[in-house]
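Thanks, everyone; I would like to take a few minutes on one model, beginning with how some helices pack and then turning to the ligand.

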Amino acid sequence: MNFQWYPGHMTKAKRMMEENIKVIDLIIELVDARVPLSSRNPDIDELGKNKSRIILLNKSDLASDKGNELWAEYFKQKGFYVLKINAKSGAGVKSITGVIAEACKEKIERDRRKGILVRPIRAMVVGIPNVGKSTFINSLVGKACTKTGNKPGVTKGKQWIRLNKTVELLDTPGILWPRFDNQIVGMRLALIGSMNDQVLNIEDLAIELIKFLQDKYPALLNRRYDIDVAKEPFEVLGGVAKSRSCLKKGNELDYQKAAYILIDDFRSGKIGKVTLEMPELTEVI
Ligand code: G4P
């Protein structure tokens, strides 16, 4: 399978990011809790050096509880402040103000010691497309906050949202380009729906998902479709087709339709809470 992202988009996204990053103190980076490494772009570490950093494990409602725990620990060990959230329901989102204060306390203290007038922390939300940036900003900001005017040095038209007395957030999130240097990463991003499905072979993707679920979460697959999960992956897909009455003319099984159903069920969490990569397996990517 081959996964593509367009260089034109990437260059523009990178330029915007570099411009905005100059004027902020804190990077709030969203990753998808089902694929916390594959949904990160490691370039952000270079772009964001000398900034305070928070990682939000978003869509934690779709990932396994054990996976969420292990990943939170993994990023803490790497020196990030970490929070598990569900931007859609708002779960965990309110805790962010406390974590911001914690993540920026050294900077605030430094400014105070130097006698610099303590100005609000300026923060920016970043992440790859579809990771939940807009949902998170809406959930965090709600209606309670007011927008402030333009600030020098920020791309024209950008505004700051005042979260509280000490924190201002750039109203537009920074878009990070997904990684495309690795086919496993590409496949995982495709599984969570971060790629355009039109460029994918959906049956191949479904087979990859079946292989993974057979290995790591066989009971979930069995429970959802009431099928024998020990068979060959293609036969398992046939089982999904049968269980959902996916038939073509002449009563042939419609594997493509079954593949769409399986992938949709996975993406929406109907199969269950599934983490596609675990910290101890990071060497594969
Ligand atoms: P982006 O700005 O980073 O591109 O992402 P955006 O907020 O548009 O969110 C992308 C999709 O992910 C949306 O679904 C959104 O509802 C969903 N989403 C965001 N955060 C969470 C979360 O924590 N849990 C879950 N389960 N979903 C989340 P959509 O299909 O585009 O819209 P809709 O089906 O919600 O209407």
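Let me start with the terms: angles under 35 degrees count as roughly parallel, over 145 as roughly antiparallel, 65 to 115 as roughly perpendicular and the rest as oblique. The axes are lines fitted to C-alpha atoms, for helices over the stretch in contact, and angles run from 0 to 180 degrees between N-to-C directions. Helices (H or I, at least four residues) and strands (E, at least two) are DSSP runs, numbered from the N terminus.

Please keep in mind that this is a predicted model, in which local features need pLDDT of at least 70 and side-chain atom pairs count only at pLDDT 80 or more, while totals for chains, interfaces and linings use all residues. Residues are numbered from 1 along each chain as its sequence is written, and side-chain values use heavy atoms, with hydrogens and water left out.

Helix 6, residues 183-192, packs against helix 7, residues 202-216, at an angle of about 100°, and their axes are 10 Å apart; the two helices are therefore roughly perpendicular to each other. In this contact (heavy atoms within 4.5 Å), Met187, Ala190 and Leu191 of helix 6 meet Leu205, Glu208 and Leu209 of helix 7.

Helix 6 also packs with helix 10, residues 255-267, at about 85° and with the axes 8 Å apart, which makes helix 6 roughly perpendicular to helix 10. Here Ala190, Leu191 and Ile192 of helix 6 touch Ile263, Phe266 and Arg267 of helix 10.

Now, which residues come nearest to the ligand? Of the 15 residues around it (a heavy atom within 4 Å), they are Asp61, Asn130, Lys133, Ser134 and Thr135, and helix 5, residues 133-141, gives the largest share of the shell, 3 residues.

As for polar contacts (pairs of N or O atoms within 3.5 Å), an oxygen atom of the ligand lies 2.8 Å from a side-chain N or O atom of Lys133, while for Asn86 that distance is 3.0 Å and for Lys88 it is 3.2 Å.

Terms used
Polar contact = N/O pair within 3.5 Å; in protein donor to acceptor, adjacent residues only side chain to side chain.
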